[in-house]
Amino acid sequence: MTFEQDKTVAAPDTLPAVLPLVVGIGGTIGGVSSTERALRIALDAVEKQGYRTLMFGGADMARLPLYDPKATTRTADEQAFVAAVRGASAVIIASPGYHGSISGVVKNALDLLEETARDERPYLADMPVGLIATAYGWQATGSTIAALRSIVHALRGWPTPFAAAINTQVTKFDDEGGASDPAVVEQLRLVGRQVARFAPLSEPAN
């Protein structure tokens, strides 16, 4: 299967003065995972379009306490995460498939976006959101992508047309930013390019 190459989002002389920020959210606790490596490939594709990126990987999300909607204060890590999403024009979410759905650590991070509920732009409203799922088998990749799409819709975001579903039983990632299957690398780059294409249409909240 081949994937159609997207055009570059804009010529350098037509890019906005303040380049859109794309925030990546994804990974697992306990070291750099396949999910995090997949997310990095997608974010690299965003950067090649000339845009800024900021990644919250597994170690970053591990520092977020369990979301308490009644808490009157937030930790510095919680505040930094919410501020990054508020300043973003697009988001890419990558989750491993745990028992047929997204991981608890990714869900906890997304739950924290309730802090933006009363913003002029709440949650992920009007933002393009790229989706990546990794799992040790095909069945969980599909259900995890479906769960991510449902959550993004609930958060008022716009999932981009293409989502990358990666079977890590078949595809292995390396420390150099690549993977054993070139088609998978291209899929992840396509997620990044589609997000970059629509990012300039979304206004950050701050």
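Contact is taken here to mean heavy atoms within 4.5 Å, and the structure described is a predicted model. In this sense of contact, the buried residues of helix α3 pack against the strands β1 (21-26) and β2 (52-56) and against helix α4. Helix α3 spans residues 76-86, and its buried residues are Glu 78, Phe 81, Val 82, Ala 84 and Val 85. When the helix is viewed down its axis, these buried residues fall within an arc of 160 degrees, so they line one face of α3.

A further buried position is provided by Gln 194, which lies in helix α6, formed by residues 182-198. The relative accessible area of Gln 194 is 12%, and this residue is therefore classed as buried, the cut-off for that class being under 20%. From this position, the side chain of Gln 194 reaches the backbone nitrogen of Phe 162 at 3.0 Å.

Two residues other than glycine were found to have a positive phi. His 99, with phi near 55 degrees, is located in the loop that runs between β3 (90-96) and α4 (104-111), and its relative accessible area of 88% places it among the exposed residues. Asp 126, for which phi is about 65 degrees, belongs to the loop between α4 and β4 (128-135). Asp 126 has a relative accessibility of 55% and so counts as exposed, since that class begins over 50%. Helix α4 thus borders both loops, the one that holds His 99 and the one that holds Asp 126, while α4 is also one of the elements against which the buried residues of α3 pack.

Terms used. Residues numbered from 1 in each chain as written. Predicted model: local features only at pLDDT ≥ 70, side-chain atom pairs only at ≥ 80, totals over all residues. Heavy atoms only, no water. Helix = DSSP H or I, 4+ residues; strand = E, 2+ residues; numbered from the N terminus. Buried < 20%, exposed > 50% of the residue type's maximum accessible area, 1.4 Å probe, protein only. Polar contact = N/O pair within 3.5 Å; in protein donor to acceptor, adjacent residues only side chain to side chain. Arc of directions from axis to C-beta.
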